[in-house]
Amino acid sequence: MTDSPQPTHESQGVTFEQAFSERSDDTTIVDVDEPSQQVVLFQLSGQPFALPGHAVSEILKGDTPVYFVPGLPASTEGVIHLRGNIESLITLQPLLGLPDTNAEGMLLIVHTGEIRSAVRIDQLDDVCELPVSAFKTPPETLPSTLRPYVSALWQPSDEQRATALLDPDALFRAYQKGLG
């Protein structure tokens, strides 16, 4: 039998550096499937927001013709004609306590349960998958006008502003109640 080096044991006083150097050749990458959620990132009045991807079925150009309907609340811009269907077009700024920007922007077709409507946004930033662990509970310091409609916050880095993930069910319930 040949003499082979014996593995070093804790009882022999192995330092962290020694243990690390013995295993430093191990370059195995472990792929961990973390749950993720698709989100649509956008801007409203210069503020970053997001909606869950499952709630947004389409993204349309902002120059889609809008037809005014008398008697609608100020938060309802009018209606649009979308492949044979008439969809209401709402703006979120009045409900969220944000200033109106009058930007043509883009339209998101948002649906929850039985309700479906177009929502005007100022700017589309991205559609992406984010790990569920990246979403944080909204703090108590969130403005009271936003608190009922924000389900989570996502902040990609310390230098960037947090993005508020909006709850489409809460938004549409508020519009049904005539809020905004």
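This is a short tour of one predicted protein model, one selection at a time.

**The whole chain**

Start with everything shown as a cartoon. The protein has 180 residues, and 37% of them count as buried. Its elements comprise 3 helices and 11 strands. Followed from the N terminus, they come in the order α-β-β-β-β-β-α-β-β-β-β-β-β-α. Among contacts with a separation of 6 or more, 59% are between residues 24 or more positions apart. The accessible surface is about 11600 Å², and carbon and sulfur atoms hold 52% of that surface.

Now colour by pLDDT. The average for the protein is 84, and 82% of the residues score at least 70. Which elements have the lowest and the highest mean pLDDT? Helix 1 (residues 16–23) has the lowest, at 60, and strand 2 has the highest, at 96.

**The sheet of six strands**

Select strands 8, 1, 2, 11, 10 and 9. They form an open sheet in that order, with mixed pairing. Its edges are strand 8 (123–131) and strand 9 (135–136), each of which pairs on one side only. Strands in a sheet are held in pairs by backbone hydrogen bonds, parallel or antiparallel.

Zoom in on strand 1 (residues 36–44) and strand 2. These two run antiparallel and are joined by 6 bridges. To see one such partnership, select glutamine 43, whose bridge partner in strand 2 is proline 48.

**The aromatic pair**

Show the side chains of phenylalanine 42 and phenylalanine 49. The protein has a count of 1 aromatic pair. The two rings are stacked, 6.3 Å centre to centre, with 25 degrees between their planes. Are these residues buried or exposed? Phenylalanine 42 counts as buried because its relative accessibility is 0%. Phenylalanine 49 counts as buried too, because its relative accessibility is 3%.

**Strand 5 and its partners**

Next, select strand 4 (residues 76–82) and strand 5. They run antiparallel, joined by 6 bridges. Valine 79 stands opposite serine 88 of strand 5. The hairpin of these strands has 2 residues between them, and arginine 83 takes a positive phi near 50 degrees there.

Add strand 7 to the selection. Strand 5 pairs with strand 7 in the parallel sense, over 3 bridges. Threonine 91 belongs to strand 5, and opposite threonine 91 in strand 7 stands arginine 120.

Keep threonine 91 selected and show what surrounds it. Threonine 91 counts as buried because its relative accessible area is 12%, where the cut-off is under 20%. Leaving out residues up to four places away in sequence, threonine 91 touches Ala74, Ser75, Glu77, Arg120 and Tyr175.

**Helix 3**

Tyr175 leads to the last stop, since it is one of the buried residues of helix 3 (residues 168–176). The others are Pro168, Ala170, Leu171, Phe172 and Ala174. Compare their positions along the helix: an α-helix has 3.6 residues a turn, so residues three or four places apart point the same way.

What covers these buried residues? The cover includes strand 2 (47–52), strand 5 (85–91), helix 2 (93–96), strand 6 (106–112), strand 7 (115–121) and strand 11 (163–166).

Finally, look at both ends of the helix. At the N-terminal end, aspartate 167 acts as a cap, with a side-chain oxygen 3.0 Å from the backbone nitrogen of aspartate 169. Just after helix 3 comes glycine 178, which takes a positive phi of about 85 degrees.

Note on methods: Residues numbered from 1 in each chain as written. Predicted model: local features only at pLDDT ≥ 70, side-chain atom pairs only at ≥ 80, totals over all residues. Heavy atoms only, no water. Buried < 20%, exposed > 50% of the residue type's maximum accessible area, 1.4 Å probe, protein only. Helix = DSSP H or I, 4+ residues; strand = E, 2+ residues; numbered from the N terminus. Contact = heavy atoms within 4.5 Å. Polar contact = N/O pair within 3.5 Å; in protein donor to acceptor, adjacent residues only side chain to side chain. Areas by Shrake-Rupley, 256 points an atom, 1.4 Å probe, with all protein chains shown as cover. pLDDT = per-residue confidence, 0-100. Phe/Tyr/Trp six-rings, centres within 6.5 Å; stacked < 30°, edge-to-face > 60°. Pairing = 2+ DSSP bridges.
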